[in-house]
Amino acid sequence: MSSSKDAIYSQPQQVGDFRFDQAVAEVFPDMIQRSVPGYSTIVDSIGQIAGYYQQPDSHYYDLGCSLGAATLAMRRYINAANSQIIAVDNSQAMIERCRLHLDAFKAETPVKVICDDLQNIKIDNAAVVVMNFTLQFIPPAQREVIIQSIYAGLKPGGVLILSEKMRHESNQANELLIDLHHEFKRRNGYSELEISQKRTAIENVMQTDSMEIHQQRLQQAGFSDVVTWFSCYNFSSLVAIK
């Protein structure tokens, strides 16, 4: 399914909080490709990592699945007997398009698509849980409980794949990474107006943690090993192993 070009912030406007609504769902693939360095690599690698850690008779969760990119990637690599992928998002607009995306590709592994808040989903019998740029949109006070419930619902040897935009501990380093990221967006055709209005829209909605905080939270939940497998500018992805 093709998507339109992202021009949501191309005109001067009264910028409200960013929402995963119909307008965003329509341009999401273009928006994320042009906004997140290495996005295609991250998504394909999530599929590979899921394939590497697959177990028979298990669930595979994509929490905050948006249009189902990570779900599709997992489905390409998972072939263990009696597997089921559970894709969850709280945006109705995203879920509707996710279903269309999934229907466009035939695959062995069944997918259950759920429109709900991921905090209402009980993680159970899981070999792999994916949160691909999802945790950063959840209020910081609720993050610890979510990570703990994921840990509890993973089978021994199971993994959480966590991709996040990171905040650096020092202002100097933070500014460097933000500048590099903004230049990345310029080179992908975003104007100064678009960059600045998007930044305003996302300010209150997305609260980023530092790498240290993420690692601490994962270790406190009980994960035995945390591997940073991708990092570019202020974007990183981790595998936490139970």
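Which residues of H3 are buried? In this predicted model, the buried set in H3 is made up of Ala70, Thr71, Leu72, Ala73, Met74 and Arg75. The cover over these residues comes from several parts of the chain, including helix H2, strand E1, strand E2 (84-89), helix H4, strand E3 (111-115) and strand E4.

One of the buried H3 residues, Met74, also turns up in the largest nonpolar core. That core holds 39 residues, and the ones with the most contacts inside it are Val36, Ile46, Tyr60, Met74, Val128, Val130 and Ile161. Two or more residues each are supplied by helix H1 (22-35), H2, helix H3 (69-77), helix H4 (92-103), strand E4 (126-132), strand E5 (154-165), helix H7 (192-203) and strand E7 (235-241). A separate core of 26 residues lies apart from this one, with Val88, Val129, Met131 and Leu135 among its members.

Val128 gives a feel for how the 39-residue core is put together. Setting aside neighbours within four places in sequence, Val128 is in contact with Ala50, Tyr53, His59, Tyr60, Tyr61, Met74, Leu154, Val159 and Ile161. Three of the partners in that list, Tyr60, Met74 and Ile161, are themselves among the residues with the most contacts inside the core.

Next comes a charged residue in strand E1, Asp62. With a relative accessible area of 1%, Asp62 counts as buried. Not counting residues up to four places away in sequence, Asp62 touches Ala70, Thr71, Met74, Ile86, Ala87, Val88 and Val130. With Thr71 there is a polar contact, side chain to side chain, at 2.7 Å. Asp62 and Thr134 sit 72 residues apart in sequence, yet their C-alpha atoms are 9.8 Å apart in space.

The loop between helix H2 (39-52) and strand E1 (59-63) is home to Gln54. The Gln54 side chain makes two polar contacts with backbone atoms: one to the oxygen of Gly51 at 3.1 Å, the other to the nitrogen of Asn79 at 2.7 Å. Leaving out neighbours within four places in sequence, the contacts of Gln54 are Tyr60, Tyr77, Ile78, Asn79 and Ala80. Further along the chain, Gly158 is 104 residues away from Gln54, with 8.1 Å between the two C-alpha atoms.

That loop between H2 and E1 also contains Asp57, a non-glycine residue with a positive phi, near 55°. Asp57 is partly exposed, at 45% relative accessibility. Ser66, another non-glycine residue with positive phi, has a value near 45°. Ser66 is found in the loop between E1 and H3, and at 12% relative accessible area Ser66 is buried.

Now for the charged pairs. Side chains of opposite charge can pair when their charged atoms come close. The whole structure contains 7 salt bridges. Arg34 and Asp30 form one of them, with their closest N and O atoms 2.7 Å apart. Both residues belong to helix H1, 4 residues apart, or about one turn of the helix, and both are buried.

A second buried pair joins Arg143 to Asp209, with 2.9 Å between the closest N and O atoms. Arg143 is in helix H5 (residues 140-153) while Asp209 is in the loop between H7 and helix H8 (211-221), so this salt bridge ties together parts of the chain that are 66 residues apart in sequence. Relative accessibility is 0% for Arg143, which counts as buried; Asp209 is buried too, at 6%. Elsewhere, shared partners link Glu183, Arg186, Arg187 and Glu192 into one salt-bridge network.

The salt bridge between Asp21 and Arg19 has an N to O distance of 3.9 Å. Here Asp21 is partly exposed, at 25% relative accessibility, and Arg19 is exposed, at 56%.

Finally, the surface carries a nonpolar patch formed by Leu176, Leu180 and Tyr233, which together have about 250 Å² of accessible area. Leu180 belongs to helix H6 (residues 171-187) and is partly exposed, with a relative accessibility of 34%.

Definitions and conventions: Residues numbered from 1 in each chain as written. Predicted model: local features only at pLDDT ≥ 70, side-chain atom pairs only at ≥ 80, totals over all residues. Heavy atoms only, no water. Patch = residues over 30% accessible without salt bridge, like charges linked within 9 Å, V, L, I, M, F, W, Y side chains within 5 Å. Areas by Shrake-Rupley, 256 points an atom, 1.4 Å probe, with all protein chains shown as cover. Salt bridge = Lys/Arg side-chain N within 4 Å of Asp/Glu carboxyl O. Buried < 20%, exposed > 50% of the residue type's maximum accessible area, 1.4 Å probe, protein only. Contact = heavy atoms within 4.5 Å. Polar contact = N/O pair within 3.5 Å; in protein donor to acceptor, adjacent residues only side chain to side chain. Core = buried A, V, L, I, M, F, W, Y, C linked by side-chain atoms within 4.5 Å.
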